Amino acid sequence: TDGGEAGLHPSNVHDCEYAIGAVNFTGDSPVILMKDGPSLGGFVCPVTIAKAELWKVGQVKPGDQIRFVPLSFDAALELDRQWQISIDQLRPLPQSWQQLPVNTSIAEVSPCVLASLPASGERPQVVYRQAGDGYILLEYGENLLDLTTRIRVHLLMEALKSRQVPGIE
């Protein structure tokens, strides 16, 4: 009934990819998922730290408090671009980016759902969700165990891999 050992709990049937920097709530303590953490799961990740801000996670120690502030998608991309220029030129980050602009209006934050397509014929419903500033989560079909949908997702993954589209890993 509970899956016993080895992660066999029924909730593990529905896994999704976690974005690096996602804040995962699996119990009493939130966990920031990095490259050395789990890559799949079904727990809630309500926020993802912008790629250019991940260095700060390495500075956190037990007992520290973290304050999250909304950052628009465009601002996150611009901050990452500025970091890359700074690194390439071995120069400090521009003074204007030393302190992130704090967006207090939720309207300035990109919506999570980028697009959705209704089911049509053999194709299930598809929802495209923003996951941080570097990931897009595709949801196919209903939240049910369906081998046909799972095969469809696998074939999409294989097609994307074979095309070697820059920026898609």
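This is a short tour of a predicted model, stop by stop, with something to select at each one.

**Stop 1: the three-stranded sheet**

Start by selecting residues 22-25, which make up strand 2, together with strand 3 (30-32) and strand 5 (44-48). These strands form an open sheet in the order 3-2-5, and the pairing is antiparallel. Strand 3 and strand 5 are the edge strands, each pairing on one side only. Look along the sheet and you can see its twist: neighbouring strands are turned by 30° against each other on average, direction ignored.

Now zoom in on the pairing of strand 2 with strand 3, which runs in the antiparallel sense over three bridges. Pick phenylalanine 25 and look across to its bridge partner, proline 30 in strand 3. As background, strands of a sheet pair through backbone hydrogen bonds, either parallel or antiparallel.

**Stop 2: the loop after strand 5**

Follow the chain out of strand 5 and select glutamate 53, which sits in the loop between strand 5 (44-48) and helix 1 (73-89). Is glutamate 53 buried or exposed? Its relative accessible area is 13%, so glutamate 53 counts as buried, the cut-off being under 20%. Show the side chain of lysine 56 as well: a polar contact of 2.7 Å joins the side chains of glutamate 53 and lysine 56.

**Stop 3: a charged pair on helix 1**

The structure holds six salt bridges, and the rest of the tour visits some of them. In general, side chains of opposite charge can pair when their charged atoms come close.

Select glutamate 78 and arginine 81, which form a salt bridge with their closest N and O atoms 2.9 Å apart. The two residues are three residues apart in helix 1, so about one helical turn separates them. The background is simple: an α-helix has 3.6 residues a turn, so residues three or four places apart point the same way. Switch on a surface and both partners are partly exposed, with glutamate 78 at a relative accessible area of 24% and arginine 81 at 43%.

**Stop 4: a bridge between two strands**

Next, select arginine 129 and glutamate 139. How far apart are the closest N and O atoms of this salt bridge? They are 2.8 Å apart. Here glutamate 139 belongs to strand 8 (residues 135-140) and arginine 129 to strand 7 (residues 126-131), so the pair ties together parts that are ten residues apart in sequence. Glutamate 139 is partly exposed at 30% relative accessibility, and arginine 129 is partly exposed at 26%.

**Stop 5: helix 2 from start to end**

Finish by selecting residues 147-163, the 17 residues of helix 2. Try the distance tool on the end C-alpha atoms: they are 24 Å apart, which agrees with the 24 Å expected at 1.5 Å a residue.

At the start of the helix, display aspartate 146, where a side-chain oxygen reaches to within 3.0 Å of the backbone nitrogen of threonine 148. Then move along to glutamate 158 and lysine 161, which form a salt bridge with the closest N and O atoms 3.7 Å apart. Because these two are three residues apart in helix 2, about one helical turn lies between them. Glutamate 158 is partly exposed at a relative accessible area of 33%, whereas lysine 161 counts as exposed at 53%.

The last selection is glutamine 164, which follows helix 2 and has a positive phi, near 50°.

How values were computed: Residues are numbered from 1 along each chain as its sequence is written. This is a predicted model: local features need pLDDT of at least 70, side-chain atom pairs count only at pLDDT 80 or more; totals for chains, interfaces and linings use all residues. Side-chain values use heavy atoms; hydrogens and water are left out. Helices (H or I, at least four residues) and strands (E, at least two) are DSSP runs, numbered from the N terminus. The expected span of a helix is 1.5 Å times one less than its number of residues. A polar contact is a pair of N or O atoms within 3.5 Å; within protein, one must be able to donate a hydrogen and the other to accept it, and residues adjacent in sequence count only if both atoms are side-chain atoms. Buried means under 20% relative accessible area, exposed over 50%, partly exposed in between (1.4 Å probe, protein chains only). Two strands pair if DSSP finds at least two bridges between them. Axes are lines fitted to C-alpha atoms, for helices over the stretch in contact, and angles run from 0 to 180 degrees between N-to-C directions. A salt bridge is a side-chain nitrogen of Lys or Arg within 4 Å of a carboxyl oxygen of Asp or Glu.
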